[in-house]
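This report covers a run of paired strands and then a surface pocket. Please consult the sequence and the structure shown here.

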Amino acid sequence: MGRFLLCCSLVALTGAAGGCKPGDTEPPPAMRALEVPRAPAAVKGLAGKLKFKDDADRARFSLKPKDDGAKLVDGEERELARYKWKGAALKVSGPDDVALGYVVGSAGGALTVRDGEQRQVLFTLARQGPGWRLNDMKGTLLYSVWPEDDGARIQDGAGADVARVKVREGKVSLRDAKGRTLLATKSLLAAEAAACLAFEALEPPLRMALLFYLQAPPSLERVQP
């Protein structure tokens with residue numbers, strides 16, 4: 001399967017605003033001024049199709065959920081990749097249904113990206129404090145993802161910024177290090193999931209596989225034998 005061009009990734013968080021319940025006592029203004037704003041709460045699951053556009057408002061690609069996984073199409077609805085659950089593993093295939101790789105979850109929460117025959121671990125995405133880190137098969141750090149109040153920051157192995165995810169006014173955008181918008185969506189995405197689209201060390205179908213796994217992890221029914 002030929003490579004397809006996708007401009008890095010995106011991210012999403014939804015703002016969660018807590019309201020006072022009837023009978024609750026509202027804190028005095030002096031106390032409210034000292035309160036620290038909370039970061040938006042992450043949203044899990046796919047409510048529908050995830051559609052991404054570029055900064056010129058042109059459709060670039062969409063992730064369409066299916067009963068057994070999802071399908072990735074380009075802006076003209078041409079199929080690019082297929083994702084199918086195999087228990088706790090997500091199979092990544094091309095339009096010809098040939099396996100390109102697998103994303104497999106572990107009990108500790110880490111995700112491993114394996115080759116199409118599941119013989120070799122190519123990448124590992126694991127928790128690092130409040131964020132994530134992506135290592136290659138040799139354990140070399142490739143990317144780190146750090147949460148921010150309005151999205152997430154993606155850095156390379158040397159600590160240089162490569163991209164950021166911004167959530168503003170119901171829109172999630174992926175921006176390069178200079179602040180230029182690469183992709184944007186009005187769908188709800190967790191920032192940690194959208195950040196995976198910035199992992200240029202991986203082929204685009206595998207980046208989207210990580211996004212899909214983090215955004216809509218397998219249900220207990222799928223994981224259990």
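## Hairpins β10 to β12

Strands β10 and β11 are joined by a hairpin through 2 residues. In this predicted model, local features need pLDDT of at least 70, side-chain atom pairs count only at pLDDT 80 or more, and totals for chains, interfaces and linings use all residues. Residues are numbered from 1 along each chain as its sequence is written, and side-chain values use heavy atoms, with hydrogens and water left out. Strands are DSSP runs (E, at least two residues), numbered from the N terminus; two of them pair if DSSP finds at least two bridges between them.

β10 (residues 141-148) runs antiparallel to β11 (residues 151-156), with 6 bridges. β11 also pairs in the antiparallel sense with β12 (residues 161-168), over 5 bridges. R153 of β11 stands opposite W146 and opposite R164 in β12. The hairpin of β11 and β12 has 4 residues between the strands, and G159 in its turn has a positive phi of about 90 degrees.

## The largest pocket

A pocket is an open set of points on a 1 Å grid over the protein atoms alone, where a 1.4 Å probe fits, with protein on both sides within 12 Å along at least five of seven lines; lining residues have an atom within 4 Å of a point. The largest pocket has a volume (the space filled by probe spheres set on the points) of about 260 Å³.

Its lining comprises 13 residues, with K53, D57, K171, A184 and T185 nearest the centre. At least two lining residues come from each of β1 (50-53), β13 (171-176) and β14 (181-185). By class, the lining holds 8 charged (Asp, Glu, Lys and Arg), 4 polar and 1 nonpolar residues. Nonpolar covers Ala, Val, Leu, Ile, Met, Phe, Trp, Tyr, Cys and Pro, and the others, Gly among them, count as polar.
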